[in-house]
Every structure is written in structure tokens, then in C-alpha cells.
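Here is a short walk through one structure, from the inside outward. Keep the model in view as you read.

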Amino acid sequence: MEQLHIELKKLIIDALYLEDMSVDDIETEAPLFGEGLGLDSIDALELGLAIKKQYSVVIDADDTQTREHFASVANLAKYISANKA
């Protein structure tokens, strides 16, 4: 799971063009939105597309659990692990 956390952090940096950040700057359990990394809804869309492309996992925007899946790198990793083909 640790490897997936690192991959997701790299994906966030690349997909959202956060060139001034490194993998070490993103905490695994920290919130991705609001007070944490400070991402917004457009970032969520971009990240969702990147995850679909990289892992063939679709995160349904209309799912009531979507906010929870995007809450942190750890939550994204759990969701991807559970739903990877």
C-alpha cells in the first residue's frame, strides 16, 4: 500500500501541475481539499480523470461516497485497491 501512496502523490503532482511540491510535501492522511492540500472541485475532476487513465478505476462523481474517497491519499489508495480490475 505504501507504494500506491507514493504513486498517487506523484500522480497528484503531475496531473495538477504542482511542480513546486514533492512527494514528501503531501501527507498520506492529510485532507486533499480545504485546509490540507487545498485542492478544489476542478482539481477533483482532473485527478479523477488521471486515476481513470492510470488505474482504470472510475470514481463516480454522483456517488455519495465520492467525498470520502477523495478525502486523503490513504482513502484514494484504499478505493483504488478495492476497485482495480
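The largest nonpolar core of this predicted model has 23 residues. Six of them have the most contacts inside the core: Leu8, Ile12, Ile51, Tyr55, Leu76 and Ile80. Which elements give two or more residues to this core? They are α1, α2 and α4, the last of these spanning 73–83. The largest share comes from α1, which gives six residues.

Take Ile12 as a guide to the inside. Ile12 sits in helix α1. Is Ile12 buried or exposed? Its relative accessibility is 0%, so Ile12 counts as buried; the cut-off for buried is under 20%. From here, look across to Gly48. Ile12 and Gly48 stand 36 residues apart in sequence. In space, their C-alpha atoms are 10.0 Å apart.

Gly48 also serves as a reference point for Asp60. Twelve residues separate Asp60 and Gly48 in sequence, and the C-alpha to C-alpha distance is 8.7 Å. Asp60 belongs to the loop between α2 and α3. Its relative accessibility is 42%, so Asp60 counts as partly exposed. That class lies between the cut-offs of 20% and 50%.

Stay in that loop for Ser56. Ser56 is also placed between α2 and α3, with α3 covering 66–69. Its phi is positive, about 55 degrees, although Ser56 is not a glycine. Ser56 counts as exposed because its relative accessibility is 56%, and exposed means over 50%.

Now go to the other loop, between α1 and α2. Tyr17 lies there. What is the phi of Tyr17? It is near 55 degrees, a positive value in a residue other than glycine. Tyr17 has a relative accessibility of 62%, so it counts as exposed.

Asp24 is found in this loop too, between α1 (2–15) and α2 (41–55). Is Asp24 buried or exposed? With a relative accessible area of 72%, Asp24 is exposed. Asp24 is also part of a surface patch. Which residues form this negative patch? They are Asp14, Glu19, Asp20, Asp24 and Asp25. The patch is negative because Asp and Glu count as negative.

Past the loop comes helix α2. Ser41 has its place in this helix. Its relative accessible area is 54%, and Ser41 is therefore exposed. Compare its position with that of Ser72. Ser41 and Ser72 are 31 residues apart along the chain. Their C-alpha atoms are separated by 14 Å.

Return to the core to finish. Helix α1 holds the buried Ile12 and gives the core its largest share. Helix α2 gives two or more residues to the core, and the exposed Ser41 is in α2 as well. The loop between α1 and α2 holds two exposed residues described above, Tyr17 and Asp24.

Key. Residues numbered from 1 in each chain as written. Predicted model: local features only at pLDDT ≥ 70, side-chain atom pairs only at ≥ 80, totals over all residues. Heavy atoms only, no water. Patch = residues over 30% accessible without salt bridge, like charges linked within 9 Å, V, L, I, M, F, W, Y side chains within 5 Å. Areas by Shrake-Rupley, 256 points an atom, 1.4 Å probe, with all protein chains shown as cover. Salt bridge = Lys/Arg side-chain N within 4 Å of Asp/Glu carboxyl O. Charge placed at Lys NZ, Arg CZ, Asp CG, Glu CD. Helix = DSSP H or I, 4+ residues; strand = E, 2+ residues; numbered from the N terminus. Buried < 20%, exposed > 50% of the residue type's maximum accessible area, 1.4 Å probe, protein only. Core = buried A, V, L, I, M, F, W, Y, C linked by side-chain atoms within 4.5 Å.
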